[in-house]
Amino acid sequence: MVSNSEIRNPKFEIRVRVPATTANLGPGFDCLGLALDWWNTLDVETIPRGLEIECSGAYAAEVPRDASNLVIRAMRATFVRARRKMPAVRVKMRVEIPIGRGLGSSAAAIVGGVVAANALMRGKMKMPELLELATEIEGHPDNVAPALLGGLVVAVQDGKNLIAARVNVPRELKCIVFVPDHALSTKTARGVLPARVPRADAIFNVGRAALWLAAVKARRWEWLDAATQDRLHQPYRAKLVRGMEAMFIAAHKAGARGVALSGAGPSVIAFTERGSGRIAWALNRAAADIALNGAARVVAVSARGALVKKI
Ligand code: HSE
């Protein structure tokens, strides 16, 4: 059956694709992030009145279908920032990025909304403004920056200035993500972190975050073992992430070059340039051993961030 809005407006205007992201990469708490080849899609058209939201995809059931939807909130914020009135829209969302698993689902929704709204305004706002706005909505830049720019991004707030430095990642680097069937809220995962950390732990992380970039530049994947270690968040979050240590051990034994909590968790991410299938198998096996439901997936790094096209 054809709905009234389809008769009035038969074509969607734009399609936006936004990648999943993994933040922190171990030591780069709130400043390092990587875009993954795993995408949500938004089709947006203007309609005469109202708000229409349709959802499909693996995580569609978890997405609100009203103005509280994060994509719509981000679109609205973008129009407000540009001092324009937001038009009535119909949005079709294909939600494939797991929600609440540490894979940047909220950043993808925010970036999708910001980019879609900007496309409806014919690109009125430029990339730095989009990045600042998306970061303001999300609260930290390490997922939104790679979701917008692709690749590996170092995102640093320098006073009022947000610096997002994009680094190309050689194609050979693969990620193996174990996504549990349950979610963990970022708020809860940030709530267990101490306000102060020992200087030795800060030094531990600074060197390792820098080593990540050196490893990528020199393709010295054997450095990732040290470069993924962390003392600022993972040790505190371990109590919230069942099986974290077992999964880290299993990935290492199967040949992973480095392993980290993906974002705030509860997904675990391993990195390697070879034997990714074996690592995925080992992660699934280790999860089964402790009756942890979920599945491992091999994912490439995405060199591209959010994409817009007319349809
Ligand atoms: N850097 C953030 C954290 C990412 O670890 O809390 C989660 O969105």
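**Exercise 1. Place P266 in this predicted model, then describe the peptide bond that joins G265 and P266.**

Step 1. Find the strands. P266 sits in the loop between β8 (258-261) and β9 (268-272).

Step 2. Look at the bond. The peptide bond joining G265 and P266 is cis. Its omega is about 10°.

Step 3. Set this against the general pattern. Most peptide bonds are trans.

**Exercise 2. Where is R83, and what is the sign of its phi?**

Step 1. Locate the residue. R83 belongs to the loop between α2 and β4 (89-94).

Step 2. Read the angle. Phi of R83 is near 55°, so the sign is positive, in a residue other than glycine.

Step 3. Recall the general pattern. Most residues other than glycine have a negative phi.

**Exercise 3. Describe how helix α2 packs on helix α3.**

Step 1. Know what to look for. Two packed helices are described by the angle between their axes and the distance between the axes.

Step 2. Give both values. The axes of α2 (residues 70-81) and α3 (residues 105-120) come within 7 Å. They cross at roughly 45°.

Step 3. Name the arrangement. An angle of 65 to 115 degrees would count as roughly perpendicular, and one under 35 degrees as roughly parallel. The two helices are therefore oblique to each other.

Step 4. Give the hand. The crossing of α2 and α3 is right-handed.

Step 5. List the contact. On the α2 side are L70, V71, A74, M75, T78 and F79. On the α3 side are S106, A109, I110, G113, V114, A116, A117, N118 and L120.

Step 6. Sort by class. This contact of α2 with α3 has eleven nonpolar and four polar residues, and no charged ones.

**Exercise 4. Do the analysis again for α3 and helix α4.**

Step 1. Give the values. α3 and α4 (residues 127-138) pack at an angle of about 140°, with axes 10 Å apart.

Step 2. Name the arrangement. α3 is therefore oblique to α4.

Step 3. Give the hand. The crossing of α3 and α4 is right-handed.

Step 4. List the contact. α3 supplies S106, A107, I110, V111, V114 and N118. α4 supplies L130, L133, A134, I137 and E138.

Step 5. Sort by class. Eight residues in the contact of α3 with α4 are nonpolar, two are polar and one is charged.

**Exercise 5. Which residues of α10 and α11 meet, and to which classes do they belong?**

Step 1. Set the geometry. The axes of α10 (residues 244-253) and α11 (residues 276-289) come within 9 Å and cross at roughly 150°. The crossing is right-handed.

Step 2. List the residues. A246, M247, A250 and A251 in α10 meet I279, A282, L283, A286 and A287 in α11.

Step 3. Sort by class. The contact of α10 with α11 has nine nonpolar residues, no polar ones and no charged ones.

**Exercise 6. Which residues are around the ligand?**

Step 1. List them. They are A23, N24, F29, D30, H140, D142, N143, T186, R190, R237, G263 and A264.

Step 2. Add distances to ligand oxygen atoms.

- N24: a side-chain N or O atom is 2.8 Å from an oxygen atom of the ligand.
- R190: a polar side-chain atom lies 2.6 Å from an oxygen atom of the ligand.
- R237: a side-chain N or O atom is 2.8 Å from an oxygen atom of the ligand.

Key:
Residues numbered from 1 in each chain as written. Predicted model: local features only at pLDDT ≥ 70, side-chain atom pairs only at ≥ 80, totals over all residues. Heavy atoms only, no water. Axes fitted to C-alpha atoms, helices over the stretch in contact; angles between N-to-C directions. Helix = DSSP H or I, 4+ residues; strand = E, 2+ residues; numbered from the N terminus. Parallel < 35°, antiparallel > 145°, perpendicular 65-115°, else oblique. Left-handed = near helix turned anticlockwise from the far one by under 90°. Contact = heavy atoms within 4.5 Å. Nonpolar A, V, L, I, M, F, W, Y, C, P; charged D, E, K, R; others polar. Near = heavy atom within 4 Å. Polar contact = N/O pair within 3.5 Å; in protein donor to acceptor, adjacent residues only side chain to side chain.
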